[in-house]
Structures are given as structure tokens and as C-alpha cells.
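User: I have this protein open on my screen and would love a close look at its salt bridges. Could you walk me through that part and then set it in its wider surroundings?

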Amino acid sequence: MSAISNSELDRRSLLRRAAAVGLAATPAVGMLSACVGGGSEETTGDQATGTKSADNPLGIDPKAPVEIVIFDGGLGTKYATDVDTPIYTKKWPESKVNYSATQEIGTVIQPRLNAGDAPDMINNSGAKMMDFGAIVAAGQAQDLTDLFAAPSFDIPGKTVAETLVPGAIEQGTYSGKPYAVNYAYTVFGLWYNKALFEKNSWTVPTTWAEFTALCDQIKAKGIVPFGYAGANAGYYMVRALLTSAGKIGGEQALKDIDNLKPGAWTAPAVLEAAKAWGEIGNKYLDKSFLGLKHTEVQLRQNQDKVAFYPCGSWLENEQAKDTPPGFQYAVAAYPSVTASDALPATALNAAAGEIYFASSKGKNPRGGMEYLRVMLSKEAALEFTKLTKSLTVVAGAADGVEISPGLTSANDAINKAGKDVFMGYLFDTWYKKLHDESLSAINELMFKGGDAQKFADRMEAAAQAIAKDSSVQKQTRS
């Protein structure tokens with residue numbers, strides 16, 4: 001297996017953290033005992049509280065310190081030290097924010113959770129992120145109902161909940177209660193260099209016929225029309241194919257896959273998508289990319305040797321040091337495959353990730369929630385986007401602001417999609433064997449022949465083997 005960088009692990013974590021809308025997390029007992037120590041709904045020791053008022057809707061103790069721990073990874077930590085904490089301390093000058101950062105959240109925080117000595121607000125992220133479903137089940141995460149019902153920190157007349165993108169609260173909901181703020185908002189699609197397209201008078205396609213016709217023009221210029229890295233980024237391509245399947249058959253096609261419904265992988269929507277993408281692989285994909293890693297293909301795109309690249313909106317920030325002057329990242333929704341797709345061409349796959357939560361076992365969980373209320377302010381969200389080149393779940397926080405070409409394009413794509421933004425799938429999180437099979441199957445489809453029926457049959461067999469395996473705990477989404 002090829003070496004995988006920390007940033008690659010962070011990306012995989014981000015995809016896994018995009019939880020299903022309405023998902024009830026019920027981890028297996030074995031997983032709970034392995035990942036999280038004992039816990040209950042009861043708090044431990046004295047916890048700071050204050051009097052609720054219009055100015056203090058969460059009832060925090062304005063003098064009590066609040067401890068936060070941030071993951072030091074791809075998003076950096078300046079948003080916490082230079083934005084969120086100053087906003088918090090300006091509002092509550094007598095409350096000291098005790099800040100620390102680590103690249104090993106699980107190693108540092110899990111023992112403290114188990115000991116009942118947890119920080120008040122935690123950014124659960126990175127290669128050693130903790131099993132959050134297990135944390136919830138052990139009673140170690142604070143119910144955030146009061147946070148979302150509280151007035152927005154800086155948007156008059158709205159509650160925190162009313163300032164967020166659709167599905168943001170549900171993506172952190174377990175067994176009917178919200179426990180997490182999934183803060184970063186990732187847009188998935190076809191990434192390209194807008195400057196290159198303008199130079200060649202290429203129009204971004206919205207139909208599959210336009211897509212293949214443009215690929216022919218690009219190929220004639222000596223540029224690889226479409227590429228991804230087979231060595232460690234096959235899941236980018238799985239997402240591309242299943243996004244197309246979701247647009248063809250509606251999101252129910254993806255829910256059926258997650259729910260291990262018999263015939264879900266051989267359904268017409270998946271077959272149509274596999275056939276269309278298999279032909280792209282046969283005609284327009286450089287077969288040598290099978291052995292390349294993600295950064296190698298991304299570098300080739302920065303050199304205008306690859307036109308379209310399937311990825312999430314972290315791409316621009318990840319490639320910042322290798323992006324030459326004049327290169328302008330932009331993203332397009334995947335083109336409609338058929339004339340009768342259930343969703344329009346503008347429909348977009350986007351999902352929230354990057355978990356932040358308040359600990360029910362901390363000394364000041366109310367302060368932890370207030371810190372989250374600060375993060376969900378329009379001011380903090382905009383500054384986060386400027387610093388990290390990542391959108392947030394605060395709706396419209398970046399509207400009208402020229403941040404960077406890629407993020408501006410992603411924000412425009414969300415606005416164009418409107419109500420047709422969908423979350424995607426979760427089988428890769430729930431069933432590791434099925435996830436691993438999908439990586440191998442997608443590479444076979446794209447690099448070794450483009451046989452759509454073979455791809456569908458292979459994935460269907462793998463899914464039903466898991467469905468029939470009584471040792472595997474099953475999850476469902478509605």
C-alpha cells in the first residue's frame with residue numbers, strides 16, 4: 001500500500017465525518033468498550049453555570065474559564081487564536097480561554113474524557129480522531145439543543161439554527177438529539193483552471209454530450225481531459241460516480257446503497273452512471289495515473305496537463321504552494337448523464353464535516369457551548385473562510401466577498417444549486433469492507449476496461465455479503 005500523507009488522512013476523515021441526515025448512531029458494544037471508557041448522563045463534580053438573560057442566553061458563568069482544544073491540521077489554528085477567542089473574550093472579558101492544540105486528539109483527549117476531566121470544547125479531527133458515536137453513547141458529549149435555540153451571536157432576529165445551511169444540525173444529530181457542530185462545508189465536483197478554459201474559449205459542460213465533446217477538444221490540445229490518482233484517491237472517483245447516480249435516480253438511490261437494499265448497486269441509476277464514467281476512463285483518462293498519488297495528479301493539473309479533476313473544496317488550499325500565478329481554481333457540478341435525470345444539472349453534492357463539540361463532563365460545558373455560538377457567528381465564519389479557504393455551515397457568511405477563486409466558485413455553485421444540494425452516502429463510513437471493495441472496483445472500471453455491469457455486480461455481491469453477515473452491525477438512514 002502506498003504511503004498516505006497526513007493531509008490525505010485528514011481528507012478521508014472529513015468524508016467520513018459527513019454524517020447522515022437523521023442518523024441514529026448506535027455503535028456496537030464492543031466498539032464502545034474499546035474506544036470509550038465508562039460514562040453516564042450524570043455530570044461529574046461542580047460545573048460552572050450562570051443566570052440566563054437576553055445577553056446571556058446560554059446561562060454561562062461570565063467569570064468561569066473555558067478550556068478548548070483544537071486539532072492542529074490542515075485548517076491550522078489561527079481561526080481559534082486570532083478570531084474566535086478574541087471575539088469570546090471581548091464578550092466575556094472576565095472569562096479566561098485556556099487554549100491548546102494537538103495533532104493527536106484521541107491520544108490527548110480520550111484519557112481525559114474517561115477520567116471525567118475533559119476540556120469544555122473539543123475539535124475532534126485528524127488521523128487519531130475519536131469515535132464520536134461512541135462518545136455520544138457514553139454520555140460524554142453535551143446536548144446542544146439550547147445552543148441551536150439560542151439567539152445568533154451577531155445576526156439579529158435569528159436563532160443559531162436559523163443561520164445555518166439546511167441539514168447542518170441533523171448531520172450532528174444522534175438518536176434525535178444534536179451533539180456536534182459539523183463546521184466546515186465541503187463542495188464536491190469537477191475542478192478546473194478557469195484561466196485555461198477562458199484562454200481556449202471552453203464552456204463548462206452541463207450535459208454528458210457536452211462533457212464528452214469538450215473532452216475531445218481538450219484531448220486534441222494534448223491535455224489529459226480528466227484524471228484522478230488510483231494509488232490513494234479512488235474514493236474521489238467513487239464519489240463522482242455515485243454523485244452522478246444520485247442525480248440520475250435521486251438521493252434515494254444512495255440511501256438504498258447505504259441501507260444495503262438488494263439490487264441497489266445494480267439499479268438503473270448506478271448502471272447508467274458506471275457506464276458513462278467507464279467510457280470517460282476508456283477514452284480520456286491517462287492509464288498511468290493508476291499508480292500515482294493524489295498530489296502527483298493535482299500537480300499535473302496545476303501545470304495544465306490535466307483539465308478536470310474530481311475533488312472537494314479543500315483542493316485549492318492543499319495545492320496553494322504549487323499553484324502558479326494566474327491559475328484560477330473553479331468547480332462545476334457534475335454534468336447531467338441523461339435527459340431525464342431526477343435532479344437538475346446544477347444539483348451539487350456538498351456536506352458538512354470537521355466535528356466540534358462541548359463535553360458534558362467538562363468544568364464549563366455552558367462556556368463550551370458559548371464558544372461554539374461564537375464560532376457560528378457571521379463574523380467568525382467569514383474570518384474562518386478567509387484563513388482556511390473553507391466554507392462553513394453559516395449560510396451566506398461568504399456571500400459577496402471575494403475570498404479566492406476556488407472558494408468563490410464553490411460558493412456560487414451552492415447558490416446555483418439552491419434546494420438541490422444533497423449529502424451523498426455513508427456506506428464507506430459504516431462498512432469498511434464495502435469501502436475497500438469500492439476503491440478496487442472503481443479503479444478496475446476506470447483504468448481496466450470500463451465494464452459497468454461488472455462493476456455493479458461486484459459491488460452488489462460485496463454489499464449483500466455484508467448484509468448477510470450477522471457479525472456486522474447494520475446502520476440505516478431514511
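Analyst: Happy to help; what follows starts with the whole chain, moves to the salt bridges, and ends with a few individual residues.

Please keep in mind that this is a predicted model. The protein's secondary structure amounts to 19 helices and 12 strands. Its radius of gyration is 22 Å, close to the 23 Å that the globule rule gives for 478 residues, so the protein is as compact as a globular protein of that length. If you rotate the C-alpha trace onto its principal axes, the span is about 70 × 55 × 40 Å. Of the 478 residues, 56% count as buried. Among contacts with a separation of 6 or more, 77% are between residues 24 or more positions apart. The exposed surface comes to about 18600 Å², and carbon and sulfur atoms supply 53% of that area.

Now to the charges. The protein carries 46 positive and 52 negative charges, and the mean positions of the two sets are 3 Å apart. Searching the whole structure turns up 19 salt bridges.

A good one to begin with is the pair K128 and E104, whose side chains meet in a salt bridge at 3.6 Å, N to O. This pair links distant parts of the chain, with the two positions 24 residues apart. K128 sits in the loop between β3 (121–124) and α5 (132–137), while E104 belongs to the loop between β2 (97–102) and α4 (105–115). Are these partners buried, partly exposed or exposed? K128 is partly exposed, at a relative accessible area of 41%, and E104 is also partly exposed, at 35%.

The next pair is K321 and D322, where the side chains form a salt bridge at 3.1 Å, N to O. Here K321 counts as exposed, with 73% relative accessibility, whereas D322 is partly exposed at 31%.

K419 and D420 make another salt bridge, this time at 3.5 Å, N to O. K419 is exposed, with a relative accessible area of 76%. D420 has a relative accessible area of 15%, and since buried means under 20%, D420 counts as buried. Salt bridges also join up elsewhere: E67, R112, D117 and K363 form one network through shared partners.

With the salt bridges covered, let's turn to the backbone, as two charged residues have something to show there. Most residues other than glycine have a negative phi. Which sign does phi take at D304? The value for D304 is positive, near 60°, in a residue other than glycine. You will find D304 in the loop between α12 (294–302) and β8 (306–312), and its relative accessibility of 27% makes D304 partly exposed. K389 is a second case, with a positive phi of about 55° although it is not a glycine. K389 is placed in the loop between α15 (378–388) and β11 (391–392), and is partly exposed at 25% relative accessible area.

Two last residues make a nice contrast on screen. D55 lies in the loop between α2 (29–35) and β1 (66–71) and is partly exposed, with a relative accessible area of 48%. What does D55 touch, leaving aside residues up to four places away in sequence? Its contacts are K91 and W92. To K96, which is 41 residues away along the chain, the C-alpha separation from D55 is 19 Å.

V270, on the other hand, is part of helix α11, which covers residues 268–284. V270 is buried, at 1% relative accessible area. Leaving out residues up to four places away in sequence, V270 touches L241, A245, I257, A264, W265 and F455. If you draw a line from V270 to Q110, the C-alpha atoms are separated by 40 Å, and the two residues are 160 residues apart along the chain.

To pull the salt-bridge picture together: the K128 and E104 pair links distant parts of the chain, and the network of E67, R112, D117 and K363 is held in common by salt bridges with shared partners. Of the residues in the pairs described, K321 is exposed, K419 is exposed, and D420 is buried.

Notes: Residues are numbered from 1 along each chain as its sequence is written. This is a predicted model: local features need pLDDT of at least 70, side-chain atom pairs count only at pLDDT 80 or more; totals for chains, interfaces and linings use all residues. Side-chain values use heavy atoms; hydrogens and water are left out. Helices (H or I, at least four residues) and strands (E, at least two) are DSSP runs, numbered from the N terminus. The radius of gyration is taken over C-alpha atoms; the globule rule is 2.2 Å times the number of residues to the power 0.38. Buried means under 20% relative accessible area, exposed over 50%, partly exposed in between (1.4 Å probe, protein chains only). Contact means heavy atoms within 4.5 Å. Accessible areas come from the Shrake-Rupley method with a 1.4 Å probe; for residues, only the protein chains shown count as cover. Lys and Arg count as positive and Asp and Glu as negative; His and the chain ends are not counted. The place of a charge is taken as NZ of Lys, CZ of Arg, CG of Asp or CD of Glu. A salt bridge is a side-chain nitrogen of Lys or Arg within 4 Å of a carboxyl oxygen of Asp or Glu.
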